[in-house]
Amino acid sequence: MKLPSLEGDMFMTAAYAPSNRATCKGCYAKINKEELRLSNIVDEDHYHQEHHFHADCFQLKPAFKNATYKDIFHVENLSKADQEKVKAILEKLQKSEFKKKPQQKKQIQNQNKVNQKKIIDEDYKNTKKQSKKVEKKEKKLETIKKKSESSQNESDDEESDVFVLYDKAQKEEFRKIQKELEKKSAGQLKQMLKANDQKQTGNKGELIERIADCMIKGCLEKCPNFSGGRPKFNPIQKIFKCPGYMDDTEFRFCNKVFGPKDLKRIPWIDV
Ligand SMILES: [Zn+2]
Ligand SMILES: [Zn+2]
């Protein structure tokens, strides 16, 4: 029996819930709109799974036992205070769930208890200092967030994330291609993506957007760092970031950031 390949993306994301539709996989209650949400995403070529959690209910996958909070996707879009919260949650889970990590044992052997207490005290002081700074910055961020939300609401229909990198002519072409592709079945669209070595998951609208973007800008190459992950677009920061990928036995974090023009675009092939 062949086991399904584990190649593909698996990653954690942090976000303020965009709606109140998701149910927490930890406590099975609804996650309110705007509430801090942590998610485990599996995103392979033929398979897509999203498990959402309240931040406090988050369940850490063993593959992420060595992750840092910066390995959590889009964490940089959160307020500084929430970034600290996510960091604390992750570290707490790693301590409680993966106690027997050999690295940690070594560390403990190398340090005597007095030293450890010092470190903890200093950490505590540092966090206190940081959180004061953070509060000021947070207010600024909130205003920026509100601004970007209201500008999103102004448009009649939901715009694709990729539009932030488009000029007017490209947007028009995108809409034209969208209309044409509507006539095709989801199966046909997936075939087209497969022929171009692109991800084939998502609903019909998402498939169409992906194809249209590839037709206009070219197909995004896989991450050149370990040639495993598929860099994902962050429309707020206008960057692409690679989540890394699952190789045979362990997750390889990448986190490499690319500017809009850094990644190669391979011309779309019609089939
Ligand atoms: Zn919950
Ligand atoms: Zn990468």
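**Figure 1. Isoleucine 41 and its partner across strands 2 and 3.** In this predicted model, isoleucine 41 stands opposite glutamate 50, a residue of strand 3. Strand 2 covers residues 36-43, and its pairing with strand 3 is antiparallel, with 7 bridges. Strand 3 itself runs over residues 48-54.

**Figure 2. Strand 1 and its pairing with strand 2.** Strand 1 and strand 2 run antiparallel and are joined by 8 bridges. Methionine 10 has valine 42 of strand 2 opposite. Of the 8 residues of strand 1, 7 are buried, so the strand is largely enclosed by the rest of the structure.

**Figure 3. The open sheet of strands 1, 2 and 3.** The 3 strands of this open sheet come in the order 1-2-3, and their pairing is antiparallel. Which strands stand at the edges? They are strand 1 (9-16) and strand 3 (48-54); each has a single partner strand, so one side of each has no neighbour in the sheet. From one strand to the next, the twist averages 20°.

**Figure 4. Helix 1 against the sheet.** Helix 1 is made up of residues 80-97 and lies across strand 1 and strand 2. The helix runs at about 60° to strand 2.

**Figure 5. Histidine 54 and its contacts.** Histidine 54 is part of strand 3. Is this residue buried or exposed? Histidine 54 has a relative accessible area of 11%, and because the limit for a buried residue is under 20%, histidine 54 counts as buried. Apart from residues up to four places away in sequence, histidine 54 touches two cysteines, Cys24 and Cys27. The other residues it touches are Ala29, Lys30, Ile31, Glu35 and Leu36.

**Figure 6. Alanine 22 in the loop between strands 1 and 2.** Alanine 22 is found in the loop that lies between strand 1 and strand 2. The relative accessibility of alanine 22 is 16%, and the residue counts as buried. Which residues does alanine 22 contact, leaving aside neighbours within four places in sequence? They are Ala29, Lys30, Ile31, Arg37 and His52. Asparagine 32 is 10 residues from alanine 22 along the chain, and the C-alpha atoms of the two are separated by 8.2 Å.

**Figure 7. The zinc ion (ligand 2) and its protein donors.** Three cysteine sulfur atoms are the protein donors of this zinc ion: Cys223 (SG), Cys242 (SG) and Cys254 (SG), which lie 2.2 Å from the ion. Along the chain, the donors follow the spacing C-x18-C-x11-C. Cysteine 223 and cysteine 254 are 31 residues apart and link distant parts of the chain. Cysteine 223 sits in the loop between strand 4 (219-220) and strand 5 (232-234), whereas cysteine 254 sits in the loop between strand 8 (251-252) and strand 9 (257-258). Both cysteines are buried: cysteine 223 has a relative accessibility of 1%, and cysteine 254 has a relative accessible area of 15%.

**Figure 8. Cysteine 214 and cysteine 219.** Why is there no bond between the sulfur of cysteine 214 and the closest cysteine sulfur? That closest sulfur belongs to cysteine 219 and is 3.6 Å away, which is too far for a bond. A disulfide needs the two sulfur atoms to be within 2.5 Å. By this rule, the count of disulfides comes to 0. Cysteine 214 counts as buried, at 3% relative accessibility.

**Figure 9. The open sheet of strands 5, 6 and 9.** These 3 strands form an open sheet in the order 5-6-9, with antiparallel pairing. Strand 5 and strand 9 are the edge strands, and each of them pairs on one side only. Strand 6 covers residues 239-241 and runs antiparallel to strand 5, to which it is joined by 3 bridges. Phenylalanine 233 stands opposite another phenylalanine, residue 240 in strand 6.

**Figure 10. The whole protein, for orientation.** The secondary structure comprises 6 helices and 10 strands. The protein has 271 residues, and 36% of them count as buried. Among contacts between residues at least 6 apart in sequence, 56% join residues that are at least 24 apart. The protein exposes about 18,000 Å², and carbon and sulfur atoms supply 50% of this area.

Conventions:
Residues are numbered from 1 along each chain as its sequence is written. Chains are lettered from A and ligands numbered from 1 in the order in which they are written. This is a predicted model: local features need pLDDT of at least 70, side-chain atom pairs count only at pLDDT 80 or more; totals for chains, interfaces and linings use all residues. Side-chain values use heavy atoms; hydrogens and water are left out. Two strands pair if DSSP finds at least two bridges between them. Helices (H or I, at least four residues) and strands (E, at least two) are DSSP runs, numbered from the N terminus. Axes are lines fitted to C-alpha atoms, for helices over the stretch in contact, and angles run from 0 to 180 degrees between N-to-C directions. Contact means heavy atoms within 4.5 Å. Donors are N, O and S atoms within 2.8 Å of the metal (3.2 Å for Na, K and Ca); water is not among the atoms, so sites may look incomplete. Buried means under 20% relative accessible area, exposed over 50%, partly exposed in between (1.4 Å probe, protein chains only). Accessible areas come from the Shrake-Rupley method with a 1.4 Å probe; for residues, only the protein chains shown count as cover.
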